[in-house]
Amino acid sequence: MEILNASDYGIKSGEDITARLIELIEAAKRAEGEKTIRFQTGTYYLDSAKCKKYMLYITNTVGDNEFSKDEIPHLNPVPFYFNNVDDLVFDGGNSVFVIDGKVTNIAAEDCSNITLKNLEIRYMHPDMHELKAENVTPFFVDFKIDDDSLYYFENGKLCFSGKDYCYAADKDALNAHWIGLIRKNTPNKINRVSHPLYGALKITDLKNGRIRVYYLNTFRFKKGDCFYLFDVRRQFAGIFINKCKNVVLQNIKQCFNYSLALVLQDSENVNADSLEFAPEKNSARKMASVADFIQVCMCRGKISITNSNFSGAGDDCLNVHGMHFGIKSADKNKMVVAFMHPQSHGYQPIHIGDEIAFISPRTLLQYGTAKVKNAKPLNEYEIELTLDSTGSASCGDVIEDISACPEICFSGNTINRIITRGLLLTTRGKTVIKNNHFISTSMSGILLSDDAKSWYESGMCRDITIKDNVFDYCGRTPILIKPENSAHQGPVHKNIIVKNNVFKNYKGYCITAKSTDNIQISGNKFNSNKIIKSKNCTNIKSE
């Protein structure tokens, strides 16, 4: 095994290493056989302006129509970029890497047998700003701005600035509904609310990071309220794993990222262990991600996420799904299908030899299958498939690649301060959710979905086991089984086991289900006597 020591490439703790890091990774790419990149423990600095840029089409991130005129869509600066590298261990030596500017932290594409471990990523002056209400009167509120945020006043407007961003703090205040709010008495609960500067009449600078905001009334504010302002565009990602096989992520901490913290896309066999996606200890901020912590899309094999801590997400903790592609044309053995949501396109996850299913968007039921003989992208949104037969497939319906449904193990994790759901699952793969602690989610702890009309995230759940978990607080039904079918013509989901879990602090139905067959509930401890509410379900067994 070849060892590539970072220090041999002029990489020193306390310095900007952006350019030398590129050289180090290129050297590893040239090395044959097994190799390890090894860092001495330290603190290293990275500059977005010095990073190489790559075209990355990342699922569930910013759509083409969300870019400004001066931006090149999907062009990402990436300090840690691995491409066509096999048999590599990247060992950060438990170092801290501090990034100045907006980037995708780490990207790996077309790699196999790659391990990334022992590193922590932080940001200088991230575009995530806390306004804490220190004093509330009938007509004005005094806010404290977190110490990481750089701000100034221009023409009476409060503005935030940092590397790669500069804007008025009340930008989009009229329509912003994604702002995070944590109240003093419930520090683990975070909810989406309207912008704290919405309706502001005047803002004055009290100096030393404090501002006074005047309103017609201040009924919606309480002393100790913490509001989190950020750019909601999902322009980058934390870690992006694309078209890779046999990946290990171990002992990685991300204190902040500008979109999804980890994206697994069109990849096979990923083992993520001992992750920590959470703000730095003693940080004023209580959010670590603009959007979901983890997205798993169109993957295969076995995906495991274990022994990890997730705290402070701007969307779900984990979202596992495939894609419902719209059928645009079908003739003999040819079919053209399209990505249907503007935030997912530009990649080709349908492989030769895959089995696809024809699905009705109304019922979400399968009415035929076919084998893929060839798959050719026509443009960023459309893919031409050659099939053994298009059968009775109809334009306007959708397909699901049922070969891209990985097995999922989510075990031994802590989930806290999640602004939406804990887990959002829409996959046929065998899924086990066990020994997790759901401290606080503002929506359901677990949602089994499936839709072909909005996000187009597939598909049917066929084997889900939820056991030995603790649900402390969920803002809505702890376990929600809700396929988005508009017409019930049979069960969409099947074979759901809920056993030996503890449900606390929820007085409504702990499980709500529709269009599902074979739900087994046993050995659970409920705070409520309302166990399950169901509609169009069959074979429910509750002990």
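**Exercise 1. Determine whether the span of helix 1 agrees with the value expected at 1.5 Å a residue.**

Solution. Helix 1 comprises residues 18-30, that is, 13 residues; helices are DSSP runs of H or I with at least four residues, strands are runs of E with at least two, and both are numbered from the N terminus. The expected span is 1.5 Å times one less than the number of residues, which gives 18 Å. The end C-alpha atoms of helix 1 are 19 Å apart, so the two values agree.

The model is predicted: local features require pLDDT of at least 70 and side-chain atom pairs pLDDT 80 or more, while totals for chains, interfaces and linings use all residues. Residues are numbered from 1 along each chain as its sequence is written, and side-chain values use heavy atoms, without hydrogens and water.

**Exercise 2. State which residues of helix 1 are buried and what covers them.**

Solution. Buried means under 20% relative accessible area, exposed over 50%, and partly exposed in between, with a 1.4 Å probe and protein chains only. In helix 1, the buried residues are Thr18, Leu21, Ile22, Leu24, Ile25, Ala27 and Ala28. Their cover includes strand 1 (2-5), strand 2 (35-38), strand 3 (43-47), strand 6 (80-83) and strand 7 (86-100).

**Exercise 3. Describe the sheet that contains strands 12, 13 and 14.**

Solution. Two strands pair if DSSP finds at least two bridges between them. The three strands form an open sheet in the order 12-13-14, with antiparallel pairing. Strand 12 (150-154) and strand 14 (165-168) each have a single partner strand, so they stand at the edges and one side of each lacks a neighbour in the sheet. Strand 12 is joined to strand 13 (residues 157-162) by five bridges, and Tyr152 stands opposite Cys159 in strand 13.

**Exercise 4. Classify Asn155 and Asn518 as buried or exposed, and give the phi of Asn155 and of Asn518.**

Solution. Asn155 lies in the loop between strand 12 and strand 13. Its phi is positive, about 55°, although Asn155 is not a glycine. The relative accessibility of Asn155 is 77%, so Asn155 counts as exposed. Asn518 belongs to strand 47 (residues 516-522), and its phi, near 65°, is also positive in a residue other than glycine. At 18% relative accessibility, Asn518 counts as buried.

**Exercise 5. Locate Thr465 and list its contacts beyond four places in sequence.**

Solution. Thr465 lies in strand 41 (residues 464-467). Its relative accessible area is 11%, so Thr465 is buried. Contact means heavy atoms within 4.5 Å. Leaving aside neighbours within four places in sequence, Thr465 contacts Thr431, Val432, Ile433 and Ile497.
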